[in-house]
Amino acid sequence: MAGPATYFDPASAGRLDAATRDLVERRSRVLGSAYRLFYDDPVQLVRGEGTKVYDANGVEYLDAYNNVPSVGHAHPRVTAAMAKQAGLLTTHTRYLSEGIVSYAEDLLSTLPESIDNIMFTCTGSEANDLALRMAKLVTGGSGVIVSLNAYHGVTTEIAAISPSLGGIESVAEWARVVRAPGTGVDFAEAVEATLSELEVFGIRPAALIVDTVFASDGVYPDVPGLARAIAAVRKAGGLFIADEVQPGFGRLGHGMWGFERYGIVPDLVTVGKPMGNGQPIAAVMAPHGLIDRFNESSRYFNTFGGSSVSIAAAQATLDVLRDENLIENARDVGGYLLTELRRMPFLEVRGAGLFIGAQLESADRAVKAVKDLRERRVLLSASGVANDTLKIRPPLPFSRGDADRLLTELAAVLR
């Protein structure tokens, strides 16, 4: 999550032009303090196309940040599929539908064979909440292990395992954080020590949940010891939840899923954000045996999870991802970006495909770079435990030309 310093300070509203100031003040009155804006001079976006977005004055910005429109802003195939379905029918999963069955079959075919059932939600937060609910019920445990600056969502249960929202102090008493990656601590050893601590406190483990690119920790796509950590959790009776909300759907340029890079098979997989290219849809995927056990003593239904329009958007997004070879593009352009960024004055550049973290020497430097890039019509943000890492995760059609524009503006800013 972006640090507070990258957000708009309402006290500076007097510096804005009259129209922007009026909209900011009206927004503040009705949305309140919970909703924050990026930048000292907020951007009013009104249109997008591919990897570009446009403000109310028609000024073009290169989007190097927004991963939700994964196949590009306003992709015509996705918008046409949504409009067509909206003109026919919008309903839920309790009626028979060819669309939802076909999409479920299609998406599950991209996962390991053992993961053969899917349950739809509207958001990644809901998906993680459902996955955790399932893990706790099936294992009989309550303990959850997460990384130091993890973000998994905003429901009450999931916010309690998301230290990036409120710090370690906000983490539930049944949850534990591990100080890895990026801290010099072996991830498996850290998890094993945490399991021992849970045992001392009489807390039975339910799950280890990780975003497989460790995005909020600063982008770490290759964490030694993850497979050993999972084995330790399973030996202690817990499950492994792969949170693929950010790294999934080909963003890392190597297959569809982040966990594939490790050669591991999760117990549960959660997906969201890019799944419908902006239309809210998310899901939990797991072996049918696990879901059957959950359903023996619980039940699940979601009015809008898997709705007709959302499924149409998701199917079109998946089709475009394949037809336009966007995973291959992520690998090609992402590899080019990594090579060129490592020639710049960053402390470290980490990443895979089009998910890159470029670490600077301080949060102040990173925040200044984000603000300066906005003035040069490039959008990205900062991340990491210290908020010192530029987070680069553009729409997947990001071209080499887009990459060169980003690199040129970054070079100017860092000078």
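Trainee: Which strands does helix 11 (residues 326-341) lie across?

Mentor: In this predicted model, helix 11 lies across strand 11, strand 12 and strand 15. Its direction runs at about 175 degrees to strand 11. Angles run from 0 to 180 degrees between N-to-C directions, so about 175 degrees counts as nearly opposite.

Trainee: What makes strand 11 (348-352) and strand 14 edge strands?

Mentor: Each of them pairs on one side only. The open sheet has 4 strands in the order 11-12-15-14, with antiparallel pairing. From one strand to the next, the twist averages 30 degrees.

Trainee: How do you know that strand 12 (residues 355-359) pairs with strand 15?

Mentor: Pairing needs at least two bridges, and 4 bridges join strand 12 to strand 15, so the two strands count as paired. They run antiparallel, and Ile356 stands opposite Ile392 in strand 15. Helix 12 packs on the sheet as well, touching strand 14 and strand 15. The direction of helix 12 makes about 40 degrees with that of strand 15.

Trainee: How do you know what span to expect for helix 12 (residues 363-375)?

Mentor: At 1.5 Å a residue, its 13 residues should span 18 Å. The end C-alpha atoms are 19 Å apart, which agrees.

Trainee: Why are the buried residues of helix 12 said to line one face?

Mentor: Ala366, Val367, Ala369, Val370, Leu373 and Arg374 are called buried because each has under 20% relative accessible area. Seen down the helix axis, the buried residues fall within an arc of 155 degrees, so they line one face. What covers them includes strand 3 (60-63) and helix 13 (400-414).

Methods: Residues numbered from 1 in each chain as written. Predicted model: local features only at pLDDT ≥ 70, side-chain atom pairs only at ≥ 80, totals over all residues. Heavy atoms only, no water. Expected span 1.5 Å × (residues − 1). Buried < 20%, exposed > 50% of the residue type's maximum accessible area, 1.4 Å probe, protein only. Arc of directions from axis to C-beta. Contact = heavy atoms within 4.5 Å.
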